[in-house]
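Visitor: I would like to go through this structure with a few plain questions.
Guide: Go ahead; here it is.

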Number of protein chains: 2
Amino acid sequence: MDSKLKPLREQIDAIDAQILDLLSKRARLAQEVGHVKAETNAPVFRPEREAQVLRGVADRNPGPLAGTDLQTIFREIMSACRALEKRVSVAYLGPEGTFSEQAVFKQFGHAVEGEPCVSIDEVFRATEAGTADFGVVPIENSSEGTINRTLDLLLQTSLTISGEISIPVHHSLMTKSGSMEGITRICAHSQALAQCQAWLNQHFPNIERQPVASNGEAARMASEDASVAAIAGEIAGEKYGLQVVHANIQDDPHNRTRFAVIGRLQTSPSGRDQTSLVLSVPNQPGAVYRMLAPLAEHGVSMTRFESRPARTGAWEYYFFVDVEGHAHDEKVVRALDELKRTAAFFKVLGSYPLAL
Amino acid sequence: MDSKLKPLREQIDAIDAQILDLLSKRARLAQEVGHVKAETNAPVFRPEREAQVLRGVADRNPGPLAGTDLQTIFREIMSACRALEKRVSVAYLGPEGTFSEQAVFKQFGHAVEGEPCVSIDEVFRATEAGTADFGVVPIENSSEGTINRTLDLLLQTSLTISGEISIPVHHSLMTKSGSMEGITRICAHSQALAQCQAWLNQHFPNIERQPVASNGEAARMASEDASVAAIAGEIAGEKYGLQVVHANIQDDPHNRTRFAVIGRLQTSPSGRDQTSLVLSVPNQPGAVYRMLAPLAEHGVSMTRFESRPARTGAWEYYFFVDVEGHAHDEKVVRALDELKRTAAFFKVLGSYPLAL
């Protein structure tokens, strides 16, 4: 076998030498880019440019490598080259070694300076104060729904969303004993129950399902009550000393958590973008419907709509809306102009490339 | 600025196209390697070969990229190519999104099938049963010292250590209140106290330090007693609701946790290897000294020596010993032959490339 492998390995080694050479050339060009940018104080991290490179790699992929694997490689190439201009610092909800840190790596590659923070508030503070160039905060979680604290802080902050990150998450069915014997209720956040519905119908059609405040709360309940099973991430299960009965029970194996990248950067259009807004209207019948009319009229698709009670008035809500397209796109410009005139409150949180 | 950046970006794009082309060529060669290997059922993952490629990349690095950043890129290149032969499955101590999963990515790149397990025992079981191709288990942790359960299972298993992984870890000083007011004791595992000694001498020379069973135990104590501060990782602090007073207080910023890769694979020599052994001797004066004599005689350096009480006899210990070199290296062969004759118990756990 070795006689057959040897020539192949020598060819691979020769290719690696060429790749190494090209990477060094690319890095020297990145340094020149850095010098040009430094003259005008232009940003080191350009999410739209990196998104375009990653999409281009997948689009032009001649095979046989998987497109996502190629993107992982090029993300690290850009990260390493970017670090020659400046090692970007990123505040995130710590501790180290958790999903938030993985989200940082997924957006910025591994050549970054991660700064774990103890709370979402502190991520905003560190980024606003300039201690960190960017912040990464959870914005929507398939276990707990929307992360309200992030929405509240986005409402107040002067920072802009410059990117989004999407990380796969899995749900597990867990109990104190590790078996389903004696279990009479399965508890979880309603969103998690919905995401595991088909599996639950197939495996435990006769056990009552009870929606509770969060999957963490369900895990706590299961730790105190031997008749309760919880659906939660395994981190929550470990925290409360639960044992996994079945792993990965969510119906969609691509269940994900979304993170927002926040910073002072206004991301330019990348060609496949999304814009996040906050809107509010007076509490009148049909007001929300009328509020959304400009989007429909100008053919702008809404991809997300969340309401959040305002703290200021008894009957007011803020609406967190994601629309397709960049705030500089012609039809989005027109729709937003109109929204701005009709809404009682209007704030663009940012435009950014769609997560890969 | 754009007029200056455009030609540079075009050159970068041209280089990316060449890299993409070379990666595809490399991938096709990797597929041929896979076909040759398949004929003889040879292993897909060759730790010694990957270690050599990564060292070669750093050694031949013409700059300006950092050697470690280049290694990250090439690790992902090899991972993606290897996935074309077979997506290697790796059992690890879950849950997902923790340091153990990061260790998996650090050894195998991101193109793997990770299988989170609820216990170290289950990682061994899944790997022994062949459910997973490899297992990744913590072996030595700068917070808790040696992971005894891993050592016990290594003693019994038919699996071999085929690699080691080293991950940076940080200690933080934490209290219930987030301040040091009213704190009279700082608790931690003795190893963690030692690792933060200089920092503690400088900042809190007059507060008593108390070694406890583990940093996790220290965190639990601090959560129940407002006069106790704990030194621990932030994951433990979060588990017990503590707040960080000072982050990263360890004297050595490169404090690390070690993981072992276990599997059925016997790793060939890579040129810079280490061999792990378990030894035991009768309980007689000077027995340990005599046991180690063959290593000294044959010029084999010992890099680690841990004792572990045997469960079988009242006065017996097992010794976990790491030595420099591969079990196939001439002087190591001679030293091990002699050890085998003189030790009451002798087991080679495996030879593998030194962690990067």
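## Strands and a chain contact

Guide: This is a predicted model. In chain A, strand β12 (residues 273–280) and β14(A) run antiparallel and are joined by six bridges.

Visitor: Which residue stands opposite A:L277 in β14(A)?
Guide: Strand β14(A) pairs with β12 in the antiparallel sense. It also pairs with strand β13 (residues 302–309) of chain A over seven bridges, again antiparallel. From β13, A:F305 stands opposite A:V321. The residue opposite A:L277 is likewise A:V321.

Visitor: Why is strand β14 of chain A described as largely enclosed by the rest of the structure?
Guide: The strand covers residues 317–324, eight residues in total. Buried means under 20% relative accessible area. The strand is largely enclosed because the number of its residues that are buried is six of the eight.

Visitor: Is A:S172 buried or exposed?
Guide: A:S172 lies in strand β6 (residues 172–175) of chain A. It touches residues further along the sequence, including A:A230, A:V244 and A:I249. Its relative accessibility is 1%, so A:S172 counts as buried.

Visitor: How many salt bridges are there between chain B and chain A?
Guide: The contact takes 71 residues from chain B and 71 residues from chain A. One salt bridge joins B:R49 to A:D13, with the closest N and O atoms 3.1 Å apart. The count between the two chains is eight salt bridges.

Visitor: What area is buried between chain B and chain A?
Guide: The size of an interface is often given as the accessible area lost when the parts come together. Here carbon and sulfur atoms give 69% of that area. The total is about 6600 Å².

Technical notes
Residues are numbered from 1 along each chain as its sequence is written. Chains are lettered from A and ligands numbered from 1 in the order in which they are written. This is a predicted model: local features need pLDDT of at least 70, side-chain atom pairs count only at pLDDT 80 or more; totals for chains, interfaces and linings use all residues. Side-chain values use heavy atoms; hydrogens and water are left out. Helices (H or I, at least four residues) and strands (E, at least two) are DSSP runs, numbered from the N terminus. Buried means under 20% relative accessible area, exposed over 50%, partly exposed in between (1.4 Å probe, protein chains only). Contact means heavy atoms within 4.5 Å. Two strands pair if DSSP finds at least two bridges between them. Buried area is the accessible area (1.4 Å probe) that two parts lose on being put together, summed over both. A salt bridge is a side-chain nitrogen of Lys or Arg within 4 Å of a carboxyl oxygen of Asp or Glu. Lists of a residue's contacts leave out its neighbours within four places in sequence.
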